[in-house]
Amino acid sequence: MKKRFLCTFQQLKENSPNLFPIPQHPGVVVFKNGEEVAVYENRCPHAGAPLDAARFHKGVITCLWHGWKFRFPSGICMTDDTPALRKIPVEIQENYVFIMLEEAPEKHPDDDH
Ligand code: FES
């Protein structure tokens, strides 16, 4: 796991998705409700819609593709028994928001052969 700086707490918009693109990764989307923050992989577990287009209202994240609903901050699906949103560990230190990301496996020189 690699600790990565994301933004300051004040930079996060309230009650709407905050997208952070990450190279070699679907990106992460941050939802903030008051002092509470949750970070998820930017991909709906149903069919892969980007969550930065989701709606966030009264603690419920609604995917725009098919309307499935997920509970904030757990990411548990309220529509089906589908897997929950993939949470990314987040740490807030002082005013700074950090995430813990798994590092992509290093490519071995022999992989191309
Ligand atoms: S892709 Fe999100 S509800 Fe279908």
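**Exercise 1.** Is Val-97 buried or exposed, judged by the other C-beta atoms within 10 Å?

*Solution.* The model is predicted.
Step 1. Locate the residue: Val-97 belongs to strand S9.
Step 2. Count its surroundings: 23 other C-beta atoms lie within 10 Å of Val-97.
Step 3. Apply the cut-off: a residue is buried if 20 or more other C-beta atoms lie within 10 Å of its own. Val-97 is therefore buried.

**Exercise 2.** List the residues in contact with Val-97, leaving aside neighbours within four places in sequence, and find its bridge partner.

*Solution.*
Step 1. With those neighbours set aside, the contacts of Val-97 are Leu-6, Cys-7, Thr-8, Phe-9, Val-37, Val-90 and Ile-92.
Step 2. Take Ile-92 from that list. Ile-92 has Val-97 in S9 as its bridge partner.
Step 3. Place this pair in its strands: S8 and S9 run antiparallel and are joined by four bridges.
Step 4. Compare sequence with space for Phe-5: Phe-5 and Val-97 are 92 residues apart in sequence, but their C-alpha atoms are 6.2 Å apart.

**Exercise 3.** Work out the strand order of the sheet that contains S9, and state which strands stand at the edges.

*Solution.*
Step 1. The sheet is open and has three strands, in the order S1-S9-S8, with antiparallel pairing.
Step 2. Strand S1 (2–8) and strand S8 (90–93) each have a single partner strand, so they stand at the edges and one side of each lacks a neighbour in the sheet.
Step 3. From one strand to the next, the twist averages 30 degrees.

**Exercise 4.** Describe the largest nonpolar core and the strands that supply it.

*Solution.*
Step 1. This core has 22 residues, and Val-28, Phe-31, Val-39, Tyr-40, Leu-51 and Ile-61 have the most contacts inside it.
Step 2. At least two core residues come from each of strand S3 (28–33), strand S4 (36–41) and strand S9 (96–101). S3 gives the largest share, four residues.
Step 3. Follow one member: beyond four places in sequence, Val-39 touches Val-28, Val-30, Lys-87, Ile-88, Val-90 and Ile-99.
Step 4. As a general point, nonpolar side chains tend to be buried together in soluble globular proteins.

**Exercise 5.** Summarise the whole protein: its elements, its extent and its share of buried residues.

*Solution.*
Step 1. The protein has nine strands and zero helices.
Step 2. The C-alpha trace spans about 50 × 35 × 20 Å along its principal axes.
Step 3. Buried residues make up 23% of the 113 in the protein.
Step 4. Of the contacts between residues at least 6 apart in sequence, 42% join residues at least 24 apart.

How values were computed:
Residues numbered from 1 in each chain as written. Predicted model: local features only at pLDDT ≥ 70, side-chain atom pairs only at ≥ 80, totals over all residues. Core = buried A, V, L, I, M, F, W, Y, C linked by C-beta atoms within 7 Å. Buried ≥ 20, exposed ≤ 12 C-beta atoms within 10 Å, placed from the backbone. Contact = placed C-beta atoms within 7 Å. Pairing = 2+ DSSP bridges. Axes fitted to C-alpha atoms, helices over the stretch in contact; angles between N-to-C directions.
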